[in-house]
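Reader: I have a model open and would like to go through its ligand site and its empty spaces with you. Could you take me through it slowly?

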Amino acid sequence: MNLEAIRNDFPILKTQCAGRDIVYFDNAATTQKPLPVLEAVFDYSTHRNGNPHRGAHPFAIAASEAYDGSKETVRRFLHAKSTREIIYTRNTTESLNLVARSWAETHLGPGDKILITIAEHHSDLVTWQRAARKTGAVLDYIYVDRETGRFLPEDLAKIDDPAVKLLAFAEVSNVLGVRFDPKPLIARAHAHGAVVVLDGAQSAPHRPVDVQDLDCDFFAFSGHKMCALGGIGVLYGKEALLEDMEPFLLGGDMIDTVGEQETSFAELPAKFEAGTQYVEGAVSLEAAIRYVEAVGWDAIRSQEEKLVRRTLEGLRQIPHIRLIGPSDPAEKEGLVAFNVDDVHPHDVAQILSAEGICIRTGHHCAEPLHRYLGVGASCRASFYFYNTEEEVDYFLEKLKGVRPMMGYDD
Ligand code: 7TS
(Lines give C-alpha, C1' and ligand atoms only; values in the text may rest on other atoms or scores of the structure.)
Protein backbone atom coordinates (compact mmCIF):
# COMPACT_ATOMS: atom_id res chain seq x y z
CA MET A 1 0.00 0.00 0.00
CA ASN A 2 1.41 3.38 -1.02
CA LEU A 3 0.29 5.40 1.97
CA GLU A 4 1.60 8.68 0.59
CA ALA A 5 -0.34 8.27 -2.65
CA ILE A 6 -3.45 7.31 -0.71
CA ARG A 7 -3.15 10.33 1.55
CA ASN A 8 -2.80 12.55 -1.50
CA ASP A 9 -6.29 11.40 -2.48
CA PHE A 10 -7.64 12.95 0.74
CA PRO A 11 -6.86 16.68 0.61
CA ILE A 12 -8.68 17.24 3.90
CA LEU A 13 -5.94 15.30 5.69
CA LYS A 14 -3.55 18.15 4.82
CA THR A 15 -5.62 20.64 6.83
CA GLN A 16 -3.21 22.58 8.99
CA CYS A 17 -3.94 22.51 12.69
CA ALA A 18 -1.54 23.29 15.54
CA GLY A 19 1.28 23.68 13.05
CA ARG A 20 0.94 20.28 11.37
CA ASP A 21 -1.37 18.12 9.25
CA ILE A 22 -4.50 17.41 11.24
CA VAL A 23 -4.70 13.95 12.83
CA TYR A 24 -8.10 12.50 12.08
CA PHE A 25 -8.90 9.64 14.45
CA ASP A 26 -12.69 9.79 14.32
CA ASN A 27 -13.27 7.36 11.49
CA ALA A 28 -15.83 5.26 13.35
CA ALA A 29 -18.03 8.37 13.33
CA THR A 30 -17.39 9.17 9.67
CA THR A 31 -14.51 8.73 7.25
CA GLN A 32 -13.02 11.29 4.90
CA LYS A 33 -13.77 11.24 1.17
CA PRO A 34 -11.09 10.64 -1.47
CA LEU A 35 -10.87 12.65 -4.69
CA PRO A 36 -12.11 9.79 -6.94
CA VAL A 37 -15.36 9.71 -4.94
CA LEU A 38 -15.78 13.49 -5.08
CA GLU A 39 -14.90 13.50 -8.79
CA ALA A 40 -17.49 10.80 -9.54
CA VAL A 41 -20.17 12.95 -7.90
CA PHE A 42 -18.91 16.09 -9.68
CA ASP A 43 -18.94 14.26 -13.01
CA TYR A 44 -22.48 12.97 -12.44
CA SER A 45 -23.72 16.40 -11.38
CA THR A 46 -22.06 18.25 -14.26
CA HIS A 47 -22.97 15.83 -17.05
CA ARG A 48 -25.78 13.48 -16.16
CA ASN A 49 -28.02 14.89 -13.42
CA GLY A 50 -31.68 13.93 -13.68
CA ASN A 51 -34.50 12.29 -11.77
CA PRO A 52 -34.13 8.52 -12.15
CA HIS A 53 -36.92 6.18 -13.27
CA ARG A 54 -38.98 9.11 -14.56
CA GLY A 55 -39.01 10.50 -18.05
CA ALA A 56 -37.44 9.47 -21.33
CA HIS A 57 -34.98 12.32 -21.78
CA PRO A 58 -31.21 11.73 -21.74
CA PHE A 59 -30.66 13.00 -18.20
CA ALA A 60 -33.46 10.90 -16.71
CA ILE A 61 -32.02 7.86 -18.47
CA ALA A 62 -28.46 8.69 -17.38
CA ALA A 63 -29.62 9.14 -13.79
CA SER A 64 -31.45 5.79 -13.88
CA GLU A 65 -28.33 4.11 -15.24
CA ALA A 66 -26.12 5.69 -12.59
CA TYR A 67 -28.49 4.71 -9.80
CA ASP A 68 -29.25 1.18 -10.97
CA GLY A 69 -25.63 0.59 -11.99
CA SER A 70 -24.41 1.45 -8.51
CA LYS A 71 -26.79 -1.17 -7.08
CA GLU A 72 -24.99 -3.87 -9.01
CA THR A 73 -21.69 -2.75 -7.43
CA VAL A 74 -23.26 -2.88 -3.97
CA ARG A 75 -24.73 -6.32 -4.71
CA ARG A 76 -21.31 -7.58 -5.70
CA PHE A 77 -19.73 -5.90 -2.64
CA LEU A 78 -22.14 -7.72 -0.31
CA HIS A 79 -22.24 -10.91 -2.39
CA ALA A 80 -26.03 -10.71 -2.46
CA LYS A 81 -27.96 -12.87 -4.91
CA SER A 82 -29.82 -10.07 -6.60
CA THR A 83 -30.10 -6.28 -6.71
CA ARG A 84 -33.73 -6.83 -5.68
CA GLU A 85 -32.26 -7.42 -2.22
CA ILE A 86 -30.38 -4.09 -2.07
CA ILE A 87 -32.32 -1.12 -0.71
CA TYR A 88 -30.85 2.32 -0.45
CA THR A 89 -31.56 4.20 2.75
CA ARG A 90 -29.95 7.23 4.36
CA ASN A 91 -27.74 5.23 6.72
CA THR A 92 -27.53 2.24 9.05
CA THR A 93 -30.03 3.89 11.36
CA GLU A 94 -32.68 4.16 8.66
CA SER A 95 -31.96 0.61 7.50
CA LEU A 96 -32.54 -0.73 11.00
CA ASN A 97 -35.67 1.40 11.41
CA LEU A 98 -36.98 -0.07 8.16
CA VAL A 99 -36.60 -3.60 9.53
CA ALA A 100 -38.15 -2.59 12.85
CA ARG A 101 -41.14 -0.89 11.23
CA SER A 102 -41.74 -3.15 8.26
CA TRP A 103 -40.81 -6.53 9.71
CA ALA A 104 -40.66 -6.54 13.52
CA GLU A 105 -43.71 -4.39 14.20
CA THR A 106 -45.88 -6.51 11.88
CA HIS A 107 -44.48 -9.97 12.56
CA LEU A 108 -44.02 -10.05 16.33
CA GLY A 109 -46.51 -10.33 19.15
CA PRO A 110 -46.90 -11.04 22.86
CA GLY A 111 -44.81 -14.02 23.96
CA ASP A 112 -42.13 -13.32 21.35
CA LYS A 113 -38.65 -12.13 22.24
CA ILE A 114 -36.26 -9.73 20.56
CA LEU A 115 -32.68 -10.48 21.55
CA ILE A 116 -29.94 -7.87 21.19
CA THR A 117 -26.67 -7.21 23.01
CA ILE A 118 -25.65 -4.66 25.59
CA ALA A 119 -22.95 -3.46 23.18
CA GLU A 120 -25.43 -2.07 20.63
CA HIS A 121 -25.42 1.42 19.20
CA HIS A 122 -28.68 3.24 19.98
CA SER A 123 -29.86 2.75 16.39
CA ASP A 124 -29.84 -1.01 17.01
CA LEU A 125 -31.44 -0.66 20.43
CA VAL A 126 -33.99 2.14 20.65
CA THR A 127 -35.55 0.77 17.44
CA TRP A 128 -36.18 -2.60 19.10
CA GLN A 129 -37.45 -0.99 22.30
CA ARG A 130 -40.29 0.55 20.32
CA ALA A 131 -40.91 -2.62 18.32
CA ALA A 132 -41.18 -4.51 21.62
CA ARG A 133 -43.49 -1.91 23.15
CA LYS A 134 -45.77 -1.84 20.11
CA THR A 135 -46.04 -5.60 19.69
CA GLY A 136 -45.95 -6.81 23.29
CA ALA A 137 -42.72 -8.71 22.62
CA VAL A 138 -40.01 -8.80 25.27
CA LEU A 139 -36.62 -7.17 24.65
CA ASP A 140 -33.76 -9.15 26.19
CA TYR A 141 -29.99 -8.69 26.18
CA ILE A 142 -26.82 -10.69 25.77
CA TYR A 143 -24.25 -9.13 28.12
CA VAL A 144 -20.50 -8.98 27.63
CA ASP A 145 -17.60 -9.85 29.90
CA ARG A 146 -16.40 -6.49 31.23
CA GLU A 147 -12.72 -7.42 30.75
CA THR A 148 -12.67 -9.25 27.44
CA GLY A 149 -15.68 -7.60 25.82
CA ARG A 150 -16.81 -11.06 24.66
CA PHE A 151 -20.42 -12.24 24.94
CA LEU A 152 -21.08 -14.11 28.19
CA PRO A 153 -21.40 -17.80 27.24
CA GLU A 154 -24.35 -18.27 29.57
CA ASP A 155 -26.15 -15.40 27.82
CA LEU A 156 -25.48 -16.87 24.39
CA ALA A 157 -27.77 -19.72 25.39
CA LYS A 158 -30.61 -17.17 25.21
CA ILE A 159 -30.35 -17.46 21.42
CA ASP A 160 -31.64 -21.03 21.63
CA ASP A 161 -34.94 -19.97 23.22
CA PRO A 162 -37.62 -20.68 20.59
CA ALA A 163 -39.45 -17.54 21.77
CA VAL A 164 -36.61 -15.47 20.26
CA LYS A 165 -37.98 -14.37 16.90
CA LEU A 166 -35.41 -11.69 16.16
CA LEU A 167 -31.69 -11.50 16.97
CA ALA A 168 -29.89 -8.24 16.18
CA PHE A 169 -26.30 -7.27 16.86
CA ALA A 170 -23.39 -5.28 15.50
CA GLU A 171 -20.62 -7.36 13.95
CA VAL A 172 -18.08 -4.90 15.40
CA SER A 173 -18.78 -2.83 18.51
CA ASN A 174 -18.12 0.90 18.04
CA VAL A 175 -16.87 1.12 21.64
CA LEU A 176 -15.26 -2.19 22.56
CA GLY A 177 -13.73 -2.62 19.12
CA VAL A 178 -14.45 -6.33 19.42
CA ARG A 179 -15.66 -8.34 16.43
CA PHE A 180 -18.28 -10.93 17.20
CA ASP A 181 -18.08 -13.77 14.71
CA PRO A 182 -21.63 -13.67 13.38
CA LYS A 183 -21.80 -16.95 11.48
CA PRO A 184 -22.22 -19.41 14.38
CA LEU A 185 -24.70 -17.09 16.12
CA ILE A 186 -26.76 -16.76 12.96
CA ALA A 187 -26.85 -20.55 12.49
CA ARG A 188 -27.88 -20.95 16.12
CA ALA A 189 -30.76 -18.48 15.77
CA HIS A 190 -31.84 -20.03 12.49
CA ALA A 191 -32.05 -23.46 14.14
CA HIS A 192 -35.45 -22.39 15.46
CA GLY A 193 -36.36 -19.97 12.69
CA ALA A 194 -35.40 -16.60 14.21
CA VAL A 195 -34.62 -13.71 11.89
CA VAL A 196 -31.12 -12.23 12.25
CA VAL A 197 -30.27 -8.59 11.65
CA LEU A 198 -26.59 -7.67 11.39
CA ASP A 199 -25.48 -4.11 11.98
CA GLY A 200 -22.48 -3.78 9.70
CA ALA A 201 -21.78 -0.09 10.33
CA GLN A 202 -18.34 -0.79 11.81
CA SER A 203 -17.51 -3.93 9.86
CA ALA A 204 -18.42 -3.32 6.21
CA PRO A 205 -15.83 -0.50 5.83
CA HIS A 206 -13.02 -2.72 7.11
CA ARG A 207 -13.50 -6.29 5.90
CA PRO A 208 -15.22 -8.10 3.05
CA VAL A 209 -18.86 -9.04 3.55
CA ASP A 210 -20.58 -12.10 2.13
CA VAL A 211 -24.23 -12.06 3.14
CA GLN A 212 -24.87 -15.42 1.48
CA ASP A 213 -22.04 -17.08 3.36
CA LEU A 214 -23.14 -15.43 6.63
CA ASP A 215 -26.73 -16.33 5.82
CA CYS A 216 -27.94 -13.24 7.72
CA ASP A 217 -31.48 -12.13 6.96
CA PHE A 218 -30.75 -8.40 7.01
CA PHE A 219 -27.48 -6.46 6.86
CA ALA A 220 -27.20 -2.70 7.33
CA PHE A 221 -24.33 -0.29 6.73
CA SER A 222 -23.61 3.41 6.08
CA GLY A 223 -21.72 4.76 3.06
CA HIS A 224 -20.24 7.69 4.97
CA LYS A 225 -18.20 5.36 7.17
CA MET A 226 -16.44 3.98 4.10
CA CYS A 227 -15.50 7.03 2.04
CA ALA A 228 -18.89 7.72 0.40
CA LEU A 229 -20.93 10.90 0.88
CA GLY A 230 -23.17 11.28 3.90
CA GLY A 231 -26.82 10.34 3.42
CA ILE A 232 -26.51 7.05 1.56
CA GLY A 233 -26.88 3.75 3.39
CA VAL A 234 -27.84 0.22 2.52
CA LEU A 235 -30.22 -2.39 3.76
CA TYR A 236 -29.68 -5.88 2.41
CA GLY A 237 -32.58 -8.23 3.02
CA LYS A 238 -33.37 -11.73 1.81
CA GLU A 239 -35.80 -11.44 -1.04
CA ALA A 240 -38.48 -13.67 0.50
CA LEU A 241 -38.53 -11.55 3.65
CA LEU A 242 -38.62 -8.26 1.76
CA GLU A 243 -41.47 -9.56 -0.42
CA ASP A 244 -43.43 -10.27 2.72
CA MET A 245 -42.97 -6.76 4.17
CA GLU A 246 -45.05 -3.61 3.91
CA PRO A 247 -43.16 -0.54 2.72
CA PHE A 248 -42.04 1.84 5.43
CA LEU A 249 -42.34 5.05 3.38
CA LEU A 250 -45.05 5.70 0.80
CA GLY A 251 -45.03 8.01 -2.21
CA GLY A 252 -43.61 8.32 -5.71
CA ASP A 253 -41.59 5.63 -7.44
CA MET A 254 -42.59 2.84 -5.05
CA ILE A 255 -45.99 2.15 -6.61
CA ASP A 256 -47.32 -0.05 -9.37
CA THR A 257 -50.80 1.40 -9.85
CA VAL A 258 -52.58 3.97 -7.71
CA GLY A 259 -56.35 4.18 -7.43
CA GLU A 260 -58.38 6.60 -5.37
CA GLN A 261 -58.59 4.17 -2.48
CA GLU A 262 -56.05 1.45 -3.12
CA THR A 263 -52.49 1.20 -4.36
CA SER A 264 -50.37 -1.70 -5.46
CA PHE A 265 -46.67 -1.47 -4.83
CA ALA A 266 -43.70 -1.66 -7.17
CA GLU A 267 -41.42 -4.66 -7.36
CA LEU A 268 -38.36 -4.88 -5.13
CA PRO A 269 -36.30 -2.91 -4.40
CA ALA A 270 -38.32 0.14 -5.55
CA LYS A 271 -41.09 -0.80 -3.08
CA PHE A 272 -38.84 0.46 -0.28
CA GLU A 273 -37.42 3.52 -2.02
CA ALA A 274 -40.17 6.11 -2.03
CA GLY A 275 -39.50 9.56 -3.44
CA THR A 276 -36.71 10.93 -5.59
CA GLN A 277 -33.65 8.84 -4.97
CA TYR A 278 -30.29 10.16 -3.81
CA VAL A 279 -28.41 9.43 -7.03
CA GLU A 280 -25.38 11.51 -5.98
CA GLY A 281 -25.10 9.35 -2.87
CA ALA A 282 -25.44 6.15 -4.90
CA VAL A 283 -22.75 7.35 -7.31
CA SER A 284 -20.48 8.18 -4.39
CA LEU A 285 -21.06 4.79 -2.80
CA GLU A 286 -20.18 2.96 -5.98
CA ALA A 287 -16.98 5.02 -6.33
CA ALA A 288 -16.18 4.47 -2.63
CA ILE A 289 -16.56 0.71 -2.93
CA ARG A 290 -14.26 0.71 -5.95
CA TYR A 291 -11.75 2.87 -4.07
CA VAL A 292 -11.73 0.75 -0.91
CA GLU A 293 -11.49 -2.45 -2.93
CA ALA A 294 -8.58 -1.02 -4.91
CA VAL A 295 -6.74 -0.27 -1.66
CA GLY A 296 -7.41 -3.92 -0.84
CA TRP A 297 -8.85 -5.69 2.20
CA ASP A 298 -5.52 -7.23 3.20
CA ALA A 299 -3.77 -3.86 3.05
CA ILE A 300 -6.57 -2.20 5.04
CA ARG A 301 -6.47 -4.89 7.65
CA SER A 302 -2.71 -4.90 8.08
CA GLN A 303 -2.54 -1.09 8.33
CA GLU A 304 -5.32 -0.96 10.92
CA GLU A 305 -3.74 -3.78 12.90
CA LYS A 306 -0.42 -1.92 12.97
CA LEU A 307 -2.12 1.25 14.20
CA VAL A 308 -4.11 -0.53 16.91
CA ARG A 309 -1.05 -2.46 18.10
CA ARG A 310 1.07 0.68 18.34
CA THR A 311 -1.70 2.56 20.13
CA LEU A 312 -2.24 -0.18 22.70
CA GLU A 313 1.50 -0.57 23.30
CA GLY A 314 1.81 3.18 23.77
CA LEU A 315 -1.21 3.44 26.05
CA ARG A 316 0.21 0.69 28.25
CA GLN A 317 3.20 2.90 28.95
CA ILE A 318 1.16 5.94 29.96
CA PRO A 319 0.07 5.88 33.61
CA HIS A 320 -3.58 6.34 34.52
CA ILE A 321 -5.06 5.11 31.25
CA ARG A 322 -8.08 2.82 31.55
CA LEU A 323 -8.90 0.87 28.44
CA ILE A 324 -12.49 0.08 27.56
CA GLY A 325 -12.80 -3.50 26.33
CA PRO A 326 -9.95 -5.90 25.66
CA SER A 327 -6.30 -4.85 25.72
CA ASP A 328 -5.12 -7.57 23.33
CA PRO A 329 -4.58 -5.96 19.89
CA ALA A 330 -5.72 -9.19 18.22
CA GLU A 331 -9.14 -8.55 19.77
CA LYS A 332 -9.53 -4.99 18.52
CA GLU A 333 -10.79 -3.90 15.13
CA GLY A 334 -9.55 -0.45 14.20
CA LEU A 335 -10.55 1.48 17.30
CA VAL A 336 -9.49 2.00 20.90
CA ALA A 337 -11.68 3.52 23.61
CA PHE A 338 -10.18 4.62 26.92
CA ASN A 339 -10.35 7.01 29.83
CA VAL A 340 -7.72 9.06 31.60
CA ASP A 341 -8.05 8.89 35.39
CA ASP A 342 -9.52 12.03 36.97
CA VAL A 343 -9.91 13.82 33.63
CA HIS A 344 -13.27 14.15 31.95
CA PRO A 345 -13.23 12.75 28.39
CA HIS A 346 -14.35 16.12 27.05
CA ASP A 347 -11.30 17.76 28.59
CA VAL A 348 -9.07 15.08 27.05
CA ALA A 349 -10.65 15.72 23.64
CA GLN A 350 -10.32 19.47 23.97
CA ILE A 351 -6.66 19.30 24.94
CA LEU A 352 -5.95 16.97 22.02
CA SER A 353 -8.05 19.08 19.66
CA ALA A 354 -5.86 22.10 20.48
CA GLU A 355 -2.93 19.95 19.30
CA GLY A 356 -4.69 19.12 16.02
CA ILE A 357 -5.94 15.67 16.99
CA CYS A 358 -9.56 14.64 16.38
CA ILE A 359 -10.91 11.92 18.66
CA ARG A 360 -14.46 11.32 19.80
CA THR A 361 -15.78 11.48 23.34
CA GLY A 362 -19.08 10.79 25.04
CA HIS A 363 -21.03 7.56 25.16
CA HIS A 364 -20.75 7.06 21.39
CA CYS A 365 -24.50 6.38 21.18
CA ALA A 366 -24.00 3.34 23.40
CA GLU A 367 -25.31 4.64 26.72
CA PRO A 368 -26.51 1.28 28.10
CA LEU A 369 -23.06 -0.22 27.42
CA HIS A 370 -21.28 2.62 29.21
CA ARG A 371 -23.64 2.31 32.17
CA TYR A 372 -23.08 -1.47 32.26
CA LEU A 373 -19.31 -0.90 32.21
CA GLY A 374 -19.64 1.65 35.01
CA VAL A 375 -18.27 4.61 33.06
CA GLY A 376 -20.17 7.75 32.18
CA ALA A 377 -18.30 8.44 28.98
CA SER A 378 -15.07 7.59 27.19
CA CYS A 379 -12.54 8.82 24.65
CA ARG A 380 -12.16 6.93 21.38
CA ALA A 381 -9.49 6.93 18.68
CA SER A 382 -10.70 5.17 15.54
CA PHE A 383 -8.58 4.53 12.48
CA TYR A 384 -8.88 4.00 8.77
CA PHE A 385 -6.33 2.84 6.23
CA TYR A 386 -5.05 6.37 5.58
CA ASN A 387 -3.86 6.90 9.15
CA THR A 388 -0.15 6.55 9.93
CA GLU A 389 2.03 5.28 12.75
CA GLU A 390 3.57 8.74 12.96
CA GLU A 391 0.11 10.10 13.76
CA VAL A 392 -0.28 7.47 16.49
CA ASP A 393 3.06 8.48 18.02
CA TYR A 394 2.07 12.14 17.99
CA PHE A 395 -1.28 11.32 19.59
CA LEU A 396 0.42 9.26 22.32
CA GLU A 397 2.92 12.02 23.02
CA LYS A 398 0.16 14.62 23.39
CA LEU A 399 -1.98 12.26 25.47
CA LYS A 400 0.92 11.96 27.93
CA GLY A 401 0.64 15.68 28.52
CA VAL A 402 -3.06 15.63 29.43
CA ARG A 403 -2.82 14.88 33.15
CA PRO A 404 0.09 17.28 33.75
CA MET A 405 -1.90 19.97 31.95
CA MET A 406 -4.83 19.30 34.29
CA GLY A 407 -2.54 19.82 37.28
CA TYR A 408 -1.56 16.22 38.12
CA ASP A 409 2.15 15.62 38.48
CA ASP A 410 2.33 11.84 37.93
N1 7TS B 1 -24.31 0.97 14.36
C2 7TS B 1 -23.05 1.12 14.78
C3 7TS B 1 -22.30 -0.06 15.33
C4 7TS B 1 -22.45 2.37 14.70
O5 7TS B 1 -21.19 2.52 15.12
C6 7TS B 1 -23.18 3.46 14.18
C7 7TS B 1 -22.62 4.85 14.12
C8 7TS B 1 -24.48 3.23 13.72
C9 7TS B 1 -25.01 1.98 13.84
C10 7TS B 1 -25.31 4.31 13.12
O11 7TS B 1 -24.77 4.74 11.93
P12 7TS B 1 -25.43 5.97 11.15
O13 7TS B 1 -24.59 6.14 9.95
O14 7TS B 1 -26.82 5.59 10.86
O15 7TS B 1 -25.35 7.14 12.10
N16 7TS B 1 -21.63 5.09 15.04
C17 7TS B 1 -21.09 6.29 15.33
C18 7TS B 1 -20.02 6.41 16.21
O19 7TS B 1 -19.49 5.47 16.78
N20 7TS B 1 -19.71 7.72 16.32
O21 7TS B 1 -20.55 8.42 15.54
C22 7TS B 1 -21.40 7.55 14.91
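Reader: How many residues surround the ligand, and which are the closest?

Author: This is a predicted model, in which local features need pLDDT of at least 70, side-chain atom pairs count only at pLDDT 80 or more, and totals for chains, interfaces and linings use all residues. Residues are numbered from 1 along each chain as its sequence is written, and side-chain values use heavy atoms, with hydrogens and water left out. The ligand is surrounded by 16 residues, where near means having a heavy atom within 4 Å of the molecule, and the closest are T93, D199, S222, R360 and R380.

Reader: Which atom of the ligand does T93 approach, and what about D199?

Author: T93 has a polar side-chain atom 2.5 Å from an oxygen atom of the ligand, while an N or O atom in the side chain of D199 is 2.5 Å from a nitrogen atom of the ligand. N174 also places a polar side-chain atom 2.8 Å from a ligand oxygen atom; a polar contact here is a pair of N or O atoms within 3.5 Å.

Reader: And how much of the ligand's accessible area does the protein cover?

Author: On its own the ligand has 490 Å² of accessible area, of which the protein covers 90%, by the Shrake-Rupley method with a 1.4 Å probe.

Reader: Where does the ligand sit?

Author: The ligand sits in the largest pocket, meaning that more than half of its atoms lie within 2 Å of the pocket's grid points. A pocket is an open set of points on a 1 Å grid over the protein atoms alone, with protein on both sides within 12 Å along at least five of seven lines, and a cavity is a set where a 1.4 Å probe fits but cannot get out; lining residues have an atom within 4 Å of a point.

Reader: How much space lies in that largest pocket, and why is it between the domains?

Author: The largest pocket holds about 260 Å³ of space, and among its 22 lining residues H121, N174, A201, Q202 and K225 are the closest to its centre. Domain 1 (3-30 + 296-405) and domain 2 (38-293) both contribute lining residues, so the largest pocket lies between them.

Reader: Changing topic, how many cavities of 30 Å³ or more are there?

Author: A search of the whole structure finds one cavity of 30 Å³ or more, and the largest cavity has a volume of about 50 Å³. Its lining includes N27, H206 and F383.

Conventions. Polar contact = N/O pair within 3.5 Å; in protein donor to acceptor, adjacent residues only side chain to side chain. Points joined across faces, edges and corners; volume = space filled by probe spheres on them. Domains from an automatic or database assignment.
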